[in-house]
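Have the sequence and the 3D view ready. This report walks through one sheet and then looks at a few of the residues around it.

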Amino acid sequence: MNSSRVVIADDHPTVLFALNNLIGQEEGLHIAANFKSSTELIRYLRDDHDNHVDIIITDFTMPDDSLYGDGVRYVRYLMRNFPGRRIVVFSECINPSLIFSLYDYGVAAVVLKHHELNEMSVALQCIRAGEVYYPPGVNRDDLRMFNKNVHSISPRELEVLRQFARGAPLKKIAADLNRSIKTVSTQKRSVMRKLDIATDQLLMEFCLNANLF
């Protein structure tokens with residue numbers, strides 16, 4: 001198996017150090033570059049004509065970068081503009097809905113930061129073998145069920161979700177959609193049940209990142 005070229009983007013120096021130390025000991029992996037922002041990473045990828053990057057390891061949350069930002073929008077930008085690279089999202093996110101969204105967009109791995117760092121080695125081995133890595137507790141069946149549940153959200157429920165994502169209270173949503181508050185509340189709870197989301201905060205986080213609209 002040929003050596004794989006890896007680039008790493010994370011805004012925390014200690015994380016970059018730990019990943020470099022770990023990956024530097026992995027046979028068949030070569031660290032080509034490190035970056036502290038999504039802008040630096042994307043600039044490098046655009047200029048990388050001679051030495052093709054095989055694997056991109058990137059943090060999910062890099063909020064200080066105003067050009068490309070972070071989150072699902074940033075990951076989707078990488079997928080769309082740099083096809084052929086295997087993307088590993090290194091994240092603190094524990095919201096299953098967001099994790100499933102990332103796989104739905106085509107990432108090769110999501111490695112959770114609260115797990116042992118050696119999980120990154122497991123993920124990279126899976127990727128180099130042509131497989132998709134799922135973190136402990138997540139599998140293909142979960143992803144298929146999530147996609148089924150997302151697609152089961154009705155157009156009327158999606159209207160409520162769209163208004164909710166804009167910060168509108170239930171009373172205003174009901175007035176704008178010409179429905180009762182009880183109906184709107186029921187439709188919102190139905191969406192949360194389908195997505196297995198327990199709180200309004202997590203639902204808002206999902207709305208802001210999932211780009212359903």
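What follows describes a predicted model.

**The sheet**

Start with the strands. Five of them form an open sheet, in the order β2-β1-β3-β4-β5. The pairing is parallel. Strands of a sheet pair through backbone hydrogen bonds, and this can be parallel or antiparallel. Which strands stand at the edges? They are β2, residues 29-35, and β5, residues 109-112. Each has a single partner strand, so one side of each is left without a neighbour in the sheet. The sheet is also twisted from strand to strand: neighbouring strands are turned by 20 degrees against each other on average, direction ignored.

Now take three of the pairings. The table lists their bridges.

| Strand pair | Sense | Bridges | A pair of opposite residues |
|---|---|---|---|
| β1 and β2 | parallel | six | R5 and H30 |
| β1 and β3 | parallel | four | A9 and T58 |
| β3 and β4 | parallel | five | I55 and R86 |

Strand β1 covers residues 4-9, and β3 covers residues 55-59. V7 also has a bridge partner in β3, namely I56. Strand β4 covers residues 86-91.

How does the chain get from β1 to β2? Helix α1, residues 13-23, joins them in a β-α-β unit. This unit is right-handed.

**Strand β3**

Is β3 mostly covered or open? It is mostly covered: five of its five residues are buried. Look at its two faces. I55, I57 and D59 are on one side. I56 and T58 are on the other. Both faces are covered.

T58 deserves a closer look. It is found in strand β3. T58 has a relative accessible area of 0%, so it counts as buried. What does the side chain of T58 make with the side chain of Y74? It makes a polar contact, at 2.6 Å. T58 touches other residues too, not counting those up to four places away in sequence. Among them are A9, L78, I87, V88, V89 and F90. A9 is the residue that stands opposite T58 across the pairing with β3.

**Just before β3**

V53 lies in the loop between α2, residues 38-47, and β3. Is V53 buried or exposed? V53 is buried, because its relative accessible area is 0%. Leaving out residues up to four places away in sequence, V53 touches R5, V7, Y44, L45, D48 and R85. Two of these names are familiar: R5 stands opposite H30 in β2, and V7 has its bridge partner in β3. Follow the chain on from V53 to L67, 14 residues along. Their C-alpha atoms are separated by 22 Å.

**The core**

In soluble globular proteins, nonpolar side chains tend to be buried together. Here, the largest nonpolar core holds 70 residues. Which of them touch the most other members? They are L41, I57, V88, M120, L195 and L203. I57 is one of the buried residues of β3. V88 is one of the residues that T58 touches.

L203 has contacts of its own. Leaving aside neighbours within four places in sequence, L203 is in contact with L161, F164, K188, V191, M192, L195 and I197. L195 is thus on both lists: it is in contact with L203, and it is among the core residues named above.

Notes. Residues numbered from 1 in each chain as written. Predicted model: local features only at pLDDT ≥ 70, side-chain atom pairs only at ≥ 80, totals over all residues. Heavy atoms only, no water. Pairing = 2+ DSSP bridges. Helix = DSSP H or I, 4+ residues; strand = E, 2+ residues; numbered from the N terminus. Axes fitted to C-alpha atoms, helices over the stretch in contact; angles between N-to-C directions. Buried < 20%, exposed > 50% of the residue type's maximum accessible area, 1.4 Å probe, protein only. Contact = heavy atoms within 4.5 Å. Right-handed = clockwise from strand over helix to strand, strands pointing away. Core = buried A, V, L, I, M, F, W, Y, C linked by side-chain atoms within 4.5 Å. Polar contact = N/O pair within 3.5 Å; in protein donor to acceptor, adjacent residues only side chain to side chain.
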